[in-house]
Amino acid sequence: MAASGSGDIGDASRRPGRPGLSIAALLQRLGWKFCGAEGATAGRLALQFALTYSAFATVWIFGGDYLLHRLVADVRLAADLQTAKGTAFVLATSYLIFVLVRSRMAAVFGASVTLRESVERLGFITENAKVGYSHWDAATKHIEWTAVGKRLAGIPPDERMTFARFLDAVHPDDRKQVNSAVRACLNATTRPSYHIEFRVIWPDGTQRWIEALGSATFDGNEPIRIAGISFDITERRQADDALRQSEARQRSLLEATSAMTWSCPPDGSHITPNAAWMEFTGQSASDMLGRGWSTAVHPEDGEDLAEAWDDCLARGVPHAATARCRRHDGEWRWMSVSAVPVRSASGEIVEWFGMHIDITERKELERRLKDALEAANAANDAKSQFVANMSHELRTPMGGVIGMLEVLLRTPLSDEQRDHVSTALKSARDLTHVLNDVLDVSAVEAGKVSIENRPFDMREMLSEKLTLFGARCAEKGITLTANVEGDVPQWIAGDVRRLCQVMHNLIGNAVKYTDGGKIDVIGRFDRERGRAHIEVRDTGIGIPEAMQANLFQRFYQADPTPSRPYGGSGLGLAICRQLVELMGGEIGASSSPGVGSTFWFEFPTLECDAPGDDQDSEAADTQTRSLRVLVAEDNLTAQRIIQTLLHSLGHDATIVNDGAPAVAAAASGAFDVILLDVMMPGMDGATATREIRALGGRAGGVPIIALTADVLFGKDQRYLSAGMTDYVSKPIDVALLAAALHRASAHTNFARTRA
Ligand code: ADP
């Protein structure tokens, strides 16, 4: 905005001091109207010219007449000369006027063109920059507003402008400020200019913010004019307001959460804490000057915190650390300290904003959680150890029972005796089976079961199961079939032992829960998905729908009553699920009560090459030449069983009862194979193995088979890495012992051939 209405500002009574006696003032008093300083100067020049011209004309006319009169006596001549003088004067004056008028007209036309161009340029600029321009002339009291200026104030373009009209458009709350700023501008001794921001209200009620600058021009102390510009700053004001509001919101939020915040200059030279932070530490703002804050940091954390902070300052990256800080009452509290650099639009860091959060409770919780986790791990380890011990303690006597029954079966017996021994052996094996289930669950839980990937033949696996369960199915009047469907390659990769375990469980259940009817075992291979699918369908009792969802949960049985006719531990399916998932596969079931059930599982696999000779050894003929076997076993019953089994397989057995005598005996190099119990009172199997390996030569290279009642460890890397070549689990299955000895014998032959 600028300037004023005619006559309502620039009142003479408000003019400071007495005006000076200038030519312009004199002329004004004489009634001449000059416009401003330029008008006064022009008047002065015109007056000087008129006076000079009058003096020259007076001298020419009267001086010339006087000289003619004195010098020329002839009256006629004098009259002619006077006429000539007059003519010369008229000609000279005309010429002078011609020259003057021509040069002034040229100047005037030139100036008017320049003026028009300037006005056009100014109009273009103000229009496009949306800058309003106004001009108030003290002499004429006239106020001029550009169209943009009127538009900014919400005044129609054709409306006649006065200062009062302009004030009318200003927001009532800002009128006083605007009025006094413009009037103060007329006072030469105080403020010859103004710079104000105010609101205008448009006729439709819209409120806009205007910024206006103006300045007055004076002749002495006399204001001649006020020129001003104005522009719309509504968007900027709105952005400023939004920023202010957001800052206020943040401030109140921080105060409300009693967060401890601080800020500091880019160089981190001192921090400015908020009230909450000062209240917490009991320090004042001046205590925080320099590195004053560090006095509140725990001595053990101070150095690390300062180092981290300096690093962030140097690199301009966010700071995050934890440290203990002293509270005003002297208690050390854990704090999460964080700070972020605040950057200007050009990316320069203008300050750092930091925050301290008391995390003592969280730390305490973490500590307790860690302790609890350690305790839980210790308890879990203890449980694993207990299971391992129990496994040893239970399986060793079971080994005695099964072993002795196996030995008994190999002696001449009457049919009745053989029947009794067979029943006892079956019961012992059933008991071992339940025991194995419990131990298997623990082994999987403890992450002690690893999955192998070796080539196997699915058809062979299925037909083995057919043989295994054939007799039992015949007894119960069940038709058992096992087939593959579709394109199943001969060799696919997988953990055949674990797959057999799963199938064993599923077929065993199908046989258990089916009386009469049939059981079909089907194998498929999906080449595209790289998965094999095996399912066991039975026509047994089926499973009530409500029970089906929990089938694979541990200890779950569809009929949990003690009087249930089928028995079982409720662990078999849970183990199957765990094993199949370990292989990366899935297991499921569908069933209709009274119709039958289908249990299926899938596992990822690929077609592969046939296994090498050594891998096929288990399936191979286990007839082995007679071996000299050294057995280290501390348990007397186990010693007897192993000795008897070895004899029955046609091998020589030398028994020692600990690791140390086993090492001493092995040093002779007189044995083809060593069977080492892994848990012996003096020297355990792993240590004994290492010492035997250290013997070197033939004695040190002998195959060593671990005997372990600890299923949790299975084919544990610890035994293999100690140098053992194989393992047989207790209670010893005579067929598995024979297979292991066969492998060991092949190994010995190979070693001999090489030697
Ligand atoms: P269990 O040792 O009790 O058989 P499982 O985990 O193998 O334990 O099976 C859990 C329960 O699932 C069984 O108790 C039985 O109720 C039900 N079940 C499993 N397989 C079959 C099946 N083929 N037919 C009917 N019920 C079955």
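Which residues line the second largest cavity? The legends below answer this and other points for a predicted model.

**View 1. The second largest cavity and its lining.** Arg395, Thr396, Gly399 and Gly400 are among the lining residues. So are Ala638, Ile641 and Ile642. Lys730, Pro731 and Ile732 complete the list. The volume of this cavity is about 70 Å³. Two helices, α10 (360-409) and α16 (636-648), each supply at least two residues of the lining. Helix α10 gives the most, with four residues. By class, the lining of the second largest cavity holds five nonpolar, three polar and two charged residues.

**View 2. The largest cavity.** A search of the whole structure turns up four cavities of 30 Å³ or more. The largest has a volume of about 120 Å³. Its lining includes four tryptophans: Trp262, Trp277, Trp293 and Trp309. Ile271, Ala296, Val297, Leu305 and Val337 also line the largest cavity. Cys325 and two histidines, His319 and His356, complete the lining. Helix α9 (299-315) and strand β8 (319-326) each supply at least two of these residues. The lining of the largest cavity divides into ten nonpolar and two polar residues, with no charged ones.

**View 3. An aromatic pair that includes Trp277.** The structure has twelve aromatic pairs. One of them joins Trp277 and Phe280. The pair is stacked, with 5.9 Å centre to centre and 25° between the planes. Both residues belong to helix α8 (residues 275-281). They are three residues apart in that helix, so about one helical turn separates them. Trp277 also appears in View 2, as part of the lining of the largest cavity.

**View 4. Helices α11 and α15 cross.** Helix α11 covers residues 415-445, and helix α15 covers residues 572-582. Their axes come within 10 Å and cross at roughly 35°. The crossing of α11 past α15 is left-handed. On the α11 side, the contact is made by Asp437, Asp440, Val441, Val444 and Glu445. On the α15 side, Gly572, Ile575, Gln578, Leu579 and Leu582 take part. How many nonpolar, polar and charged residues does the contact of α11 with α15 have? There are five nonpolar, two polar and three charged. The charged residues here are Asp437, Asp440 and Glu445, on α11.

How values were computed:
Residues are numbered from 1 along each chain as its sequence is written. This is a predicted model: local features need pLDDT of at least 70, side-chain atom pairs count only at pLDDT 80 or more; totals for chains, interfaces and linings use all residues. Side-chain values use heavy atoms; hydrogens and water are left out. On a 1 Å grid over the protein atoms alone, a cavity is a set of points where a 1.4 Å probe fits but cannot get out, and a pocket is an open set with protein on both sides within 12 Å along at least five of seven lines; lining residues have an atom within 4 Å of a point. Grid points are joined across faces, edges and corners, and a volume is the space filled by probe spheres set on the points. Ala, Val, Leu, Ile, Met, Phe, Trp, Tyr, Cys and Pro count as nonpolar, Asp, Glu, Lys and Arg as charged, and the others, Gly among them, as polar. Axes are lines fitted to C-alpha atoms, for helices over the stretch in contact, and angles run from 0 to 180 degrees between N-to-C directions. A crossing is left-handed if the near helix is turned anticlockwise from the far one by less than a right angle, and right-handed if clockwise. Contact means heavy atoms within 4.5 Å. Rings of Phe, Tyr and Trp (its six-membered ring) pair if their centres lie within 6.5 Å; planes under 30 degrees apart count as stacked, over 60 as edge-to-face and the rest as tilted.
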